[in-house]
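Trainee: Could we go through the charged pairs and the reasoning behind each label?

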Amino acid sequence: MASPGGEKPYRLYRGGRTKGRVPTVGRPEKAPPRTRPGRDGRSRYRGPGPKPSARRPRHIRWGREITIALVLVILFFVVWGALGYLVFRGGVADANKRLPQTARRALTADKGSLFSTPSAILLLGTDHSLAASRAGDRHSDSITLLRTDPDHHRLYYLSIPRDLRVEIPGYGAAKINTAFQVGGPRLAARTVAAYTDIPVNHIVIVNFAEFKDLIDAVGGIDIVVPGRIQSKFDCPYGTAARCARWPGWRFSPGKQHMNGQRALIYSRVRKNLLNPAESDITRGERNQQVLQALMSKLASFSTFMRLPLIGGDLMKPLATDLSANDFAALGWAKFRAGRTIHCRLGGISTGGDITPSEDNAKVILMVLGKSAVQPPAPSGDTYPPGCLIGRTG
């Protein structure tokens with residue numbers, strides 16, 4: 001049935017006729033309201049113009065960042081080490097000039113580098129008394145022969161008593177420290193080599209008047225004092241009355257950090273009022289303590305970091321034939337040393353002199369690595385010779 005106006009109530013589609021109301025396109029559904037950021041519900045106004053697109057998160061390449069940091073650190077240490085070496089080499093050159101040319105003639109040339117070849121270094125500490133009556137003396141108060149053994153990672157310290165009576169070439173029998181007084185470092189090296197039958201390859205002369213400055217330059221050293229010490233020598237006061245009331249230098253047992261002045265006094269203690277058995281032999285042992293502690297400090301990381309600043313001052317108390325490369329090799333030997341052997345020569349006290357013990361020859365074989373290390377054995381000697389194994393630090 002047609003509606004008024006002649007319009008039909010339906011439409012024709014290809015799929016056929018559909019009755020009822022003509023379908024229409026419905027309204028699109030509203031999207032859910034977007035959550036606005038912020039506690040107050042207000043969105044941030046970004047101004048006119050197109051909205052910026054969201055940035056992709058940046059991925060940090062940790063491998064590359066760590067590699068760059070490591071390269072910078074290594075580069076810093078290389079530059080810092082090179083600068084320190086140049087400053088140190090300048091100080092070593094000055095120390096080489098202070099050694100008399102005649103002393104080099106008494107030395108035996110090394111068979112190779114100190115990094116790989118054993119070497120014997122004579123360490124002489126010149127007289128360092130504060131007394132005015134001994135200011136002009138040229139005695140060698142401390143005599144130590146240091147032998148390196150890179151193949152077995154060992155260091156040998158041979159302490160030689162200054163009062164040991166030996167034959168001095170061209171002079172006769174006398175205390176071994178007389179050699180330095182009458183013939184300087186050249187005769188001292190010849191005398192030590194002749195008595196020990198160990199060729200001396202290098203020599204280091206330490207001026208103990210400036211030795212304390214070297215210890216202060218590296219920030220002091222750590223010493224383990226084995227027992228209580230009280231000793232009166234070189235009174236620091238100007239009047240006799242004040243010195244009479246002065247109790248003397250005192251040291252408590254245990255580990256102590258010493259500055260240069262304190263370490264110098266400790267190394268010079270010969271008579272201990274609290275232990276009458278101590279003598280020039282125990283004094284030599286204290287010298288070895290100070291020497292080894294100083295070597296450990298010189299080879300430490302803290303000294304390396306300060307080398308460009310103090311490298312030139314380290315060599316001021318020294319006169320030596322060692323080059324900067326030799327010192328580097330010596331520091332490497334100290335660092336790698338698994339064992340440190342402390343040895344001493346001894347004998348019978350005959351008043352002011354010490355007659356050498358027959359067992360000194362055995363100790364020399366120990367220093368050469370040809371015999372097992374043995375401690376001082378009880379004997380008729382006032383000061384029995386022997387060796388002890390110590391720490392490397």
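Mentor: Let us begin with a definition: a residue is buried under 20% relative accessible area, exposed over 50%, and partly exposed in between. This is a predicted model, and on that scale R165, with a relative accessible area of 37%, is partly exposed.

Trainee: What makes the contact of D353 and R165 a salt bridge?

Mentor: The cut-off is a side-chain nitrogen of Lys or Arg within 4 Å of a carboxyl oxygen of Asp or Glu, and the side chains of D353 and R165 meet at 2.8 Å, N to O. D353 lies in strand β16 (residues 353–356) and R165 in strand β6, so the pair ties together parts that are 188 residues apart in sequence.

Trainee: Why is D353 called buried?

Mentor: Its relative accessibility is 17%, and the label buried applies under 20%, so D353 counts as buried.

Trainee: How do you know that D163 and R270 form a salt bridge?

Mentor: Their closest N and O atoms are 2.8 Å apart, which satisfies the limit of within 4 Å. D163 lies in the loop between β5 (154–159) and β6 (165–168), whereas R270 lies in the loop between α6 (260–268) and α7 (280–298), so this pair joins parts 107 residues apart in sequence.

Trainee: Which labels do D163 and R270 receive for accessibility?

Mentor: D163, at 7% relative accessibility, counts as buried, while R270, at 29%, counts as partly exposed, because the partly exposed class lies between 20% and 50%.

Trainee: How many salt bridges does a search of the whole structure find?

Mentor: The search finds 8 salt bridges.

Terms used
Residues numbered from 1 in each chain as written. Predicted model: local features only at pLDDT ≥ 70, side-chain atom pairs only at ≥ 80, totals over all residues. Heavy atoms only, no water. Helix = DSSP H or I, 4+ residues; strand = E, 2+ residues; numbered from the N terminus. Buried < 20%, exposed > 50% of the residue type's maximum accessible area, 1.4 Å probe, protein only.
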